[in-house]
2 protein chains.
Amino acid sequence: MAVSGQPAGSWSEVRDELRSRGLRWTPQRRMILDVLAATQGHVTSSEIVERCRERDPETTPSTVYRTLDLLEELGYLKHSHGADGREEFHVLPETEHGHLTCERCGRSWEMEPQEASDLVRALERSRGFSVDVSHLTIAGQCTECSTRSSAPSRPRCRLSFRVKRT
Amino acid sequence: MAVSGQPAGSWSEVRDELRSRGLRWTPQRRMILDVLAATQGHVTSSEIVERCRERDPETTPSTVYRTLDLLEELGYLKHSHGADGREEFHVLPETEHGHLTCERCGRSWEMEPQEASDLVRALERSRGFSVDVSHLTIAGQCTECSTRSSAPSRPRCRLSFRVKRT
DNA sequence: GATGCTATTGCATCTTGATGCATTTGGCGA
DNA sequence: TCGCCAAATGCATCAAGATGCAATAGCATC
């Protein structure tokens, strides 16, 4: 796999890796990579679409989505879920981390892999299941919300999932 | 809160609970509850919409979605995420459980709360965060997929999240 | 039984993406 | 440099929901 810890310069390999797999280096992909290279931390796919549109208003969203999918398959990106619940990409390399989201106030926090390590090990041992921590988003209630009011108030965010149907 | 362990008969309380909160008992809600009462285990919202349509082809999807949201707020339903990744409702009372999903083969398994109890306790202790296990879906790779081929094959399902924007 | 207030419905529209297909175009081989 | 062919793009369309709004209709009261 291509990226395994290099700093941002790794984008320059993408072109070669694509070619070596019989895939193509197109102007659209180049632009999307430029946008990603100028990005750090979390970005939602629609943010990326917007940023591409700033550079080229002709940008087709589906091309962007497909490219993001491809880059994730190749290991240059990872996605998880932001505070607002939408798909969110992590531009690699970045420290792996999961997320906690409060169902009441909607805030979210990053979680070090080690915080979940017991779970990870337990599932590994008992089921041979290896957890993808960076994809993990744990919903629940944060301290503040659980202490603030004990009334069963309405959850502010109802998370739902969608999947790429293949 | 209304439901706290009663068997299916608890649906009959819904009407009264709605009224006591100044909410209304409408034919549409009645039908949706009939559908839910005839349901066990997991159902996706669109399955519920379909079943409602079987009874009354006039059913408006948004009414169903809104009713499901309401019922979840009232504690009669819980949602999480199915193998195909879409929103999935658990008709309560049901044993609380989380889910594991394999990112490669797409299968999923139920997980007893106790399997996650270390994590739950750790987060409770360190952050006061109380995990909503029944909402938890852990992505990763199942034994079979991790042993079957070590090649970094393409993940078959890209999960994404959406949230009710309030 | 009639009335009025307001919760709910139904409709139209929006959003985030996924997908099928015809057309275009990288880029390898000659 | 040219041509070819599969990969990629762009477009149109679909899908699951969310949401704003005007019209409808529960239901508590009289």
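This is a guided tour of a predicted model, moving from chain A as a whole to pairs of helices, single residues and a core that draws on two chains.

**Chain A as a whole**

Begin by selecting chain A and colouring it by secondary structure, which shows six helices and eight strands. Followed along the sequence, these elements come in the order α-α-β-α-α-β-β-β-β-α-β-β-α-β. If the colouring is then changed to accessibility, buried residues account for 48% of the 166 residues in chain A. Of the contacts in chain A that link residues at least 6 apart in sequence, 54% are between residues at least 24 apart.

**Helices α1 and α2 of chain A**

Next, select residues 11-20 and 27-37 of chain A, which are helices α1 and α2, and view them with their axes 10 Å apart and at an angle of about 155 degrees. Because an angle over 145 degrees is classed in this way, α1(A) is roughly antiparallel to α2(A). The crossing of α1(A) past α2(A) is right-handed. To see what lies between them, show the side chains of Trp11(A), Val14(A) and Leu18(A) on α1(A), together with Arg29(A), Leu33(A), Leu36(A) and Ala37(A) on α2(A), since these residues make the contact. Coloured by class, the contact of α1(A) with α2(A) consists of six nonpolar residues and one charged residue, with no polar ones.

**Val14 in chain B**

Now move to chain B and select Val14(B), which is found in helix α1 (residues 11-20) of that chain. Is Val14(B) buried or exposed? With a relative accessible area of 1%, Val14(B) is buried. When neighbours within four places in sequence are set aside, the residues in contact with Val14(B) are Trp25(B), Leu33(B), Leu71(B) and Tyr76(B). A distance drawn from the C-alpha of Val14(B) to that of Arg29(B), 15 residues apart in sequence, reads 9.7 Å.

**Met31 in chain A, and Asp56 in chain B**

Return to chain A and select Met31(A), a residue of helix α2. Met31(A) has a relative accessibility of 14% and therefore counts as buried, the limit for buried being under 20%. Beyond its neighbours within four places in sequence, Met31(A) contacts Cys52(A), Arg55(A), Asp56(A) and Thr59(A). One of these, Arg55(A), is 24 residues from Met31(A) in sequence, with the two C-alpha atoms 8.1 Å apart.

In chain B, select Asp56(B), which sits in the loop between α3 (45-55) and α4 (61-74). Its relative accessibility of 29% makes Asp56(B) partly exposed. The C-alpha atoms of Asp56(B) and Met31(B) are 8.7 Å apart, although 25 residues separate the two along the chain.

**Helices α3 and α4 of chain A**

Go back to chain A and select residues 45-55 and 61-74, helices α3 and α4, whose axes are 10 Å apart and form an angle of about 125 degrees. At that angle α3(A) is oblique to α4(A). As in the earlier stop, attention should go to handedness: α3(A) passes α4(A) in a right-handed crossing. On the α3(A) side, display Ser45(A), Ile48(A), Val49(A), Cys52(A) and Arg53(A), which meet Pro61(A), Val64(A), Tyr65(A) and Leu68(A) of α4(A). By class, the contact of α3(A) with α4(A) comprises seven nonpolar residues, one polar and one charged.

Then select Thr44(A), which belongs to strand β1 (residues 42-44) of chain A. Thr44(A) is buried, with a relative accessible area of 8%, and, apart from residues up to four places away in sequence, it touches Glu87(A) and Glu88(A).

**Helix α5 of chain A and the core**

For the last stop, select α5(A) and show its buried residues, Ser117(A), Leu119(A), Val120(A), Ala122(A) and Leu123(A). The cover over these residues includes β6 (130-131) of chain A, along with β4, β5 (108-111), α5 and β7 (137-141) of chain B. After α5(A) comes Gly128(A), with a positive phi near 70 degrees.

With both chains displayed, which residues have the most contacts inside the largest nonpolar core? In this core of 29 residues they are Leu123(A), Ile138(A), Leu123(B) and Ile138(B). Elements that each supply at least two of its residues are β4 (98-102) and α5 (117-127) of chain A and β4 (98-102) and α5 (117-127) of chain B. Finish by centring on Ile138(A), which, leaving out residues up to four places away in sequence, touches His99(A), Leu100(A), Thr101(A) and Met111(A) in chain A and Leu119(B), Leu123(B), Phe129(B), Val131(B) and Leu136(B) in chain B.

Technical notes: Residues numbered from 1 in each chain as written. Chains lettered and ligands numbered in written order. Predicted model: local features only at pLDDT ≥ 70, side-chain atom pairs only at ≥ 80, totals over all residues. Heavy atoms only, no water. Core = buried A, V, L, I, M, F, W, Y, C linked by side-chain atoms within 4.5 Å. Buried < 20%, exposed > 50% of the residue type's maximum accessible area, 1.4 Å probe, protein only. Helix = DSSP H or I, 4+ residues; strand = E, 2+ residues; numbered from the N terminus. Contact = heavy atoms within 4.5 Å. Axes fitted to C-alpha atoms, helices over the stretch in contact; angles between N-to-C directions. Parallel < 35°, antiparallel > 145°, perpendicular 65-115°, else oblique. Left-handed = near helix turned anticlockwise from the far one by under 90°. Nonpolar A, V, L, I, M, F, W, Y, C, P; charged D, E, K, R; others polar.
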